[in-house]
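Work through the following exercises with the sequence and the model side by side. Each task is followed by a solution that proceeds in steps.

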Amino acid sequence: MPHFPIKLIVLHYSATYPDQDYGVADIRKMHLARGFNDVGYHYVIRRSGAVERGRADTTVGAHVSGHNTGSLGICCIGGIERVTGPNVGVDNRAEAQKVATVKLVRELLAKHPGAQVVGHRDLTATQCPGFDVRSWWAAANARPPVVDSIPVKPLPSRSTPVTSGPAKGPIYILAALAAAALAFLGVK
Ligand SMILES: [Zn+2]
């Protein structure tokens, strides 16, 4: 069975604690110890948001039993917390990781149009990656990238830039409405 076309982009966590600054070299070491011939994922995203290459996209991964052919695996470092221990998967991705994931997935979708973005747990019995990928992706992909990287702050008075330029989605329209309301109320 050919690896291409890519039908699935599968998100994972590393099941490590957020204070463990792991990268692809560490995951490769773990996977070699488990008998794989290389790191199982195609990409690893560090806590810093740095994206590291695992296997080439053209190589079948080892990240999701029964679905490795025709899929690409992305692993965000993290996914468990000290307080709840190693058996409770959570979404503790750093903001930088979310931003990097959105960027990477968009790039991959451009190369592999029509691929579905799913979580490991959508395909097999696991908690990985600790959140519902389909709903997260739908929301994240609906926003312009800038919204993920810049925290939303109250608009300063007399701020009008949101009303210029092409409409970029609901958040901009809401911001424009808020600015208009503030101007109407004479808020300084
Ligand atoms: Zn996984």
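Two strands count as paired if DSSP finds at least two bridges between them. The model used here is predicted.

**Exercise 1.** Establish which helices and strands the chain contains, and in what pattern they follow one another along the sequence.

*Solution.* Begin with the inventory, which comes to 5 helices and 5 strands. Then read along the sequence, where these elements follow the pattern β-α-β-β-β-α-β-α-α-α.

**Exercise 2.** Determine the order of the strands in the sheet, and identify its edge strands.

*Solution.* With the pairing criterion applied, the 5 strands form an open sheet in the order 3-2-4-1-5, with mixed pairing. The edge strands are strand 3 (51-53) and strand 5, each of which pairs on one side only. From one strand to the next, the twist averages 25 degrees.

**Exercise 3.** Describe how strand 1 is joined to strand 4 and to strand 5, and explain why strand 1 can be called largely enclosed.

*Solution.* Take first the pairing with strand 4 (residues 71-76), which runs parallel to strand 1 and is joined to it by 6 bridges; within strand 4, I74 is the bridge partner of L11. Turn next to strand 5 (residues 116-119), which also runs parallel to strand 1 and is joined to it by 4 bridges, with V10 standing opposite V118. Finally consider burial, for which a residue needs 20 or more other C-beta atoms within 10 Å of its own. In strand 1 (residues 8-13), 5 of the 6 residues are buried, so the strand is largely enclosed by the rest of the structure. For the chain of 188 residues, buried residues make up 27%.

**Exercise 4.** Which residue of strand 4 is the bridge partner of Y43?

*Solution.* Strand 2 (residues 43-45) and strand 4 run parallel and are joined by 3 bridges. The partner of Y43 in strand 4 is I74, and I74 is also the bridge partner of L11.

**Exercise 5.** Work out which strands helix 2 and helix 3 lie across, and give the angles at which these helices run.

*Solution.* Helix 2 (residues 95-111) lies across strand 1, strand 2, strand 3, strand 4 and strand 5, and runs at about 170 degrees to strand 4. Helix 3 (residues 133-142), for its part, lies across strand 1 and strand 5, and its direction is at about 135 degrees to strand 5.

**Exercise 6.** Among contacts between residues at least 6 apart in sequence, what percentage join residues at least 24 apart?

*Solution.* Restricting the count to contacts in the chain between residues at least 6 apart in sequence, one finds that 64% join residues at least 24 apart.

Key:
Residues numbered from 1 in each chain as written. Predicted model: local features only at pLDDT ≥ 70, side-chain atom pairs only at ≥ 80, totals over all residues. Buried ≥ 20, exposed ≤ 12 C-beta atoms within 10 Å, placed from the backbone. Helix = DSSP H or I, 4+ residues; strand = E, 2+ residues; numbered from the N terminus. Contact = placed C-beta atoms within 7 Å. Axes fitted to C-alpha atoms, helices over the stretch in contact; angles between N-to-C directions.
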